[in-house]
Amino acid sequence: MNINERSLTTMSTLNAQGSRGTSNQSDEQTEPSTTLSIFALDYKKHEDLKQMLDSNKDNLKLEAMRRIIGMIAKGKDAADLFPAVVKNVVSKNMEIKKLVYVYLMRYAEEQQDLALLSIATFQRALKDPNQLIRASALRVLSSIRVPTIVTIMMLAIRDAVSDMSPYVRKTAANAIAKLYALDPELKDELVLIIAKLLADKTILVNGSAVQAFEHVCPERIDLIHQNYRRLCNLLVDIDEWGQVTILNMLTRYARSQFVDPNKIFEDEKKSFYEDETEQNINEDEDSLDKRTYVMDSDHRLLLRCTKPLLQSRNSAVVMAVAQLYYYVAPQSEIQIVAKSLLRLLRHHREIQTIILKSIVFIADKHKQIFEPYLKSFYVHSNDSSLVKRYKLEILTTLANASNISTILREFQTYVLSSDKDFAAHTIHAIGRCASTISDVTEACLNGLVALMSKKDETIVAESVVVIKKLLQINPSQYNEIIKHIVRMVDKVTVPIARASILWLIGEYSDRISKLAPDVLRKMAKSFIDEETIVKHQILNLAAKLYVVNAKQTHLLVQYVFNLAKYDTNYDTRDKARLLRALLIQTDKCPTLSKHAKKILLASKPAPILESIIRDHDQYTLGTLSFVIGQKAVGYKDLPDFPLEPPDPSVRNVEIVTPLPSQNVSSRKSSTTTRITSREKKKSVNDENFYSDEEEEEEEEEEEETSTEGPDTDNEEEEDEEDEKEKTTQNDNDTNEYEQLDAQSTNNIEPEEEEKDESSGSSEEEESEQEEEEDDDEESESDESADDEKLTPNQSSIVAKPSSTLTVSDYTIPATEKSLLEMDLEAFLGAPSTSTNVQVAPVKNNIFDDLHGLESLTSTSSNLVYTKQYDCLNRITGQGLQIQYRFPRTPFQQSPNMIHVELIFTNTTTNKDIHSIKFYKSKSNINIQGFNQIDLLPSGVSIVTSIGIDFNDKTQPASFDILYDDNLIPTSLTILCHVGELIEQKFLNDQQFNQNLGK
């Protein structure tokens with residue numbers, strides 16, 4: 001039965017069920033028999049999907065999974081399909097398996113019991129060759145929030161952080177927070193894993209690693225020190241949401257590790273010849289040395305690396321950078337965030353609201369950075385109410401004497417808006433401008449008085465409230481305005497406005513002595529029907545009039561107090577009882593009654609018109625708590641800047657310098673150094689020959705000849721001067737013939753010719769040359785010679801054979817290299833730069849030809865390769881450095897294995913490393929481990945041997961080691977080169993010709 005037939009059968013079944021439902025009167029939902037009851041809720045829901053998932057055809061399973069994922073994307077519940085879906089987790093089809101894992105990540109937490117039945121399958125999937133399957137299995141495993149599998153999750157995460165795929169390592173970092181929430185006691189182990197992830201060099205992992213750090217151990221700021229500069233430099237390349245996490249972490253880090261860049265230190269200049277007391281008397285303002293804090297280089301690095309992120313398309317990234325600059329950058333550099341924040345105002349309303357609230361926060365302290373962009377905050381008709389309020393607040397904040405006329409013209413338009421609440425907020429903004437800018441106070445008051453004639457009660461009420469507050473600034477100048485407001489008491493019905501008018505009448509009753517008692521009479525008639533806030537102001541008016549004009553208002557005041565005595569509101573009753581005791585029943589509190597007038601008519605300071613956004617500086621900019629105005633779960637305040645700068649050396653990363661490679665560059669360097677040493681000897685002898693008056697000229701010539709090396713600096717010149725002194729001391733023992741011999745050739749003589757020279761002076765010259773070579777090689781090992789090119793004379797010079805070669809404190813015998821070996825190595829493709837095998841130079845005379853033929857028959861059976869590869873650097877190994885090399889010698893325990901030497905070096909200064917042992921092989925390659933190293937003292941190197949059977953493949957060999965009783969093994973990888981898989985054979989001419997004939 002194909003899919004179409006199955007769907008038709010299902011539809012007919014549903015039709016039959018719908019027709020039966022119409023005959024049953026007890027059913028709650030009935031449908032006509034002619035309608036397909038596709039959406040009927042019965043026990044056969046999703047039956048077709050279950051049948052497709054149980055089929056043996058992958059195309060049906062894949063189609064079913066696609067439909068299920070589509071249902072989940074639309075918000076439909078597919079939890080009842082969990083048993084049918086989880087069975088397909090063992091499918092060999094990658095597409096099906098991926099979709100199954102997507103489903104399981106959604107419902108694993110809800111269906112924990114069924115998910116636990118497939119725990120073994122998830123563990124096997126952790127070893128799957130496909131990185132997506134490994135990551136999905138780990139994600140599903142961490143989604144099962146059951147404490148019983150904590151150990152399994154811990155092992156899975158521990159293995160995943162060492163995975164070759166950065167995507168799997170990223171998934172492991174995301175799973176750390178889930179595991180920590182499930183079992184906080186694992187924090188110590190998780191911190192070690194996080195430290196390893198923070199040191200990961202892949203940008204895909206860094207964001208998730210920092211996120212895990214923020215969840216598990218945000219107080220461990222020491223884990224960031226060594227990774228700080230790398231995170232700053234890689235910040236631009238990290239994914240956007242990872243950038244947000246890292247920026248928030250770096251903001252907190254900078255606040256705790258750097259000094260406030262805006263802090264000014266004042267140091268007193270103390271005169272050397274004056275007493276301290278005399279200085280305090282005669283000191284003036286010029287004696288204060290004000291200097292701005294010199295910014296730390298790492299502080300500057302942070303600001304420089306985050307500045308390009310202001311151009312990010314992600315608004316959260318831009319907001320995070322603005323937060324960092326606001327809290328960390330100097331005030332002179334904050335203005336660069338203005339344009340980026342204004343660019344975000346073109347986004348959706350939600351983003352506009354957050355950005356505008358942040359701009360209000362920033363502009364409150366740094367008005368100058370947004371003043372040039374005043375027009376960007378003009379209100380549009382299609383703006384939301386919150387956006388309008390925030391723009392109005394920004395315009396009010398940015399108002400000053402130069403732009404107030406423009407802003408007030410804009411406010412006049414806003415007052416006429418159909419949105420009455422927005423118009424009321426505009427009136428409040430006009431009042432704030434009038435209170436802060438004295439030049440426009442009178443104009444604003446006249447405009448507000450004109451608004452009181454409007455028919456809209458909301459506008460009139462807000463105008464009255466604002467005028468009441470402005471009149472307190474200088475009430476003597478505005479008597480006419482006060483009288484005008486008093487006459488409007490009958491027209492105003494808004495409670496807050498009526499209460500404001502009554503307060504004005506009571507406060508300035510001496511200026512309107514004729515109108516005030518009549519107003520009290522009218523208010524007494526409507527006392528019962530007024531709001532509570534109006535009743536309180538009527539009581540205040542009665543008390544103030546009783547103090548000023550008791551004869552005229554005595555009976556009226558008692559009437560009002562009696563009305564309030566039986567009011568339903570207890571605040572009103574208590575207020576009336578207090579005022580009655582203070583004014584009328586003076587025998588109860590005679591002391592207070594004497595000062596009743598001072599109490600009621602005391603001078604009051606002018607009120608400050610507050611912002612509509614109150615307490616916006618209580619929380620950190622850019623946080624959820626800042627947006628919602630209350631403390632959210634997990635909120636933490638930014639730390640204060642330290643008074644003294646912490647030690648900046650904690651961020652210094654020890655750079656692992658590679659060992660001096662034995663290649664053409666090293667030979668070139670040593671060659672030019674030897675040439676320089678000979679020229680120095682020549683100059684020294686010439687100095688003895690010339691007179692003292694010409695010494696300066698010879699020194700200049702010597703400096704010119706000494707600069708023929710690859711890259712010389714001051715340290716190299718000092719070394720050459722030391723060598724010059726050594727050669728000068730031994731000059732008396734050197735004859736003229738040896739000096740001429742040293743100058744007459746650019747090539748080093750063969751070993752046999754040097755042996756024929758039996759004079760003691762030549763031996764001293766050889767020892768001096770060898771010492772100079774060693775010193776020069778050490779001084780130039782840190783310099784790069786990649787940009788240099790060999791001269792024709794230098795290219796023919798090769799290292800002089802010596803008895804031994806010392807590499808990394810390990811002495812190995814040196815052997816000669818024949819012409820046939822050089823041809824064999826060129827045929828195999830092994831680069832000559834990777835070895836330092838000693839080669840005897842070829843001469844044109846007959847003796848040298850015979851010597852070359854003799855070397856073919858007397859060649860040693862083993863080639864010594866000194867090229868070493870890094871296996872574990874000392875930073876990752878916490879002081880333990882491991883290198884490996886291929887000695888090209890048979891492995892004693894198994895001749896089929898390739899012999900590899902491991903060089904263990906303890907690079908620490910005062911720490912011994914204990915118990916270094918082979919743990920297990922991680923690849924499918926047979927590896928014969930090394931014997932356990934019980935103790936590796938500080939500064940000591942130990943060489944061990946292992947055997948590896950690569951099976952004629954170039955697949956890397958991976959294995960784990962343990963040391964210092966660490967529970968987490970350290971992974972090592974040894975790469976195999978093609979040349980190492982070929983067995984070497986040494987043939988003379990006769991054997992070569994015989995094999996060639998075959």
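Let me begin with Pro 607, which is partly exposed at a relative accessible area of 31%. The model under discussion is a predicted one. Pro 607 lies in the loop that connects α33, residues 596–600, to α34, residues 624–628. Setting aside neighbours within four places in sequence, Pro 607 is in contact with Lys 469 and Gln 472. In addition, Pro 607 and Ser 435 are 9.5 Å apart, C-alpha to C-alpha, with their positions 172 residues apart in sequence.

One of those contacts leads to a helix. Lys 469 falls within the range of helix α25, residues 457–471. What span should the 15 residues of α25 have at 1.5 Å a residue? The expected value is 21 Å, and the end C-alpha atoms are 21 Å apart, which agrees.

Is α25 mostly covered or mostly uncovered? The helix is mostly covered, with 11 of its 15 residues buried. The buried residues are Ile 459, Val 460, Ala 461, Ser 463, Val 464, Val 465, Val 466, Ile 467, Lys 468, Leu 470 and Leu 471. I would draw attention to Lys 468 and Ser 463, which are both part of that buried set. As for the surroundings, the buried residues of α25 pack against five helices: α22 (404–415), α23 (420–436), α24 (441–451), α26 (479–487) and α27 (495–507).

Allow me to place this in the context of the whole chain. The protein has 44 helices and 15 strands. Of its 998 residues, 44% count as buried. Among contacts with a separation of 6 or more, 66% come from residues 24 or more positions apart.

I turn next to a pair of helices. Helix α15 covers residues 240–257 and helix α18 covers residues 315–328; their axes come within 9 Å and cross at roughly 10°. How are α15 and α18 oriented to each other? An angle under 35 degrees counts as roughly parallel, and α15 and α18 are therefore roughly parallel to each other. On the α15 side, the contact is made by Glu 240, Trp 241, Gln 243, Val 244, Leu 247, Asn 248, Thr 251, Ala 254 and Arg 255. On the α18 side, the contributors are Ala 316, Val 317, Ala 320, Val 321, Gln 323, Leu 324, Tyr 327 and Val 328. A general point about helices is relevant to such lists: an α-helix has 3.6 residues a turn, so residues three or four places apart point the same way. Sorted by class, the contact of α15 with α18 comprises 11 nonpolar, four polar and two charged residues.

The remaining part of my presentation concerns the sheets. In general, the strands of a sheet pair through backbone hydrogen bonds, in either a parallel or an antiparallel manner.

One open sheet has five strands in the order β7-β8-β9-β13-β11, with antiparallel pairing. At its edges stand β7 (869–872) and β11 (926–928); each has a single partner strand, so one side of each is left without a neighbour in the sheet. From one strand to the next, the twist averages 30°. The antiparallel strands β7 and β8, the latter at residues 880–885, are joined by three bridges. Within this region, Asp 870 stands opposite Gln 883 of β8.

Another open sheet has four strands, in the order β12-β10-β14-β15, again with antiparallel pairing. Its edge strands, β12 (933–936) and β15 (970–974), each pair on one side only. The twist here averages 35° from one strand to the next.

We may walk across this sheet in order. Strand β10, residues 913–921, pairs with β12 over three antiparallel bridges, and Ile 913 has Leu 936 in β12 as its bridge partner. β10 also pairs with β14, in the antiparallel sense and over four bridges; there the bridge partner of Lys 920 is Asp 960. Strand β14, residues 957–962, then pairs with β15 over five antiparallel bridges. Asp 960 stands opposite Ser 971 in β15.

I close with a residue of that edge strand, Thr 970, which is found in β15. Is Thr 970 buried or exposed? The threshold for buried is under 20% relative accessible area, and at 15% Thr 970 counts as buried. Not counting residues up to four places away in sequence, Thr 970 touches Leu 872, Phe 959, Asp 960, Ile 961 and Tyr 963.

Conventions: Residues are numbered from 1 along each chain as its sequence is written. This is a predicted model: local features need pLDDT of at least 70, side-chain atom pairs count only at pLDDT 80 or more; totals for chains, interfaces and linings use all residues. Side-chain values use heavy atoms; hydrogens and water are left out. Axes are lines fitted to C-alpha atoms, for helices over the stretch in contact, and angles run from 0 to 180 degrees between N-to-C directions. Helices (H or I, at least four residues) and strands (E, at least two) are DSSP runs, numbered from the N terminus. Angles under 35 degrees count as roughly parallel, over 145 as roughly antiparallel, 65 to 115 as roughly perpendicular and the rest as oblique. Contact means heavy atoms within 4.5 Å. Ala, Val, Leu, Ile, Met, Phe, Trp, Tyr, Cys and Pro count as nonpolar, Asp, Glu, Lys and Arg as charged, and the others, Gly among them, as polar. Two strands pair if DSSP finds at least two bridges between them. The expected span of a helix is 1.5 Å times one less than its number of residues. Buried means under 20% relative accessible area, exposed over 50%, partly exposed in between (1.4 Å probe, protein chains only).
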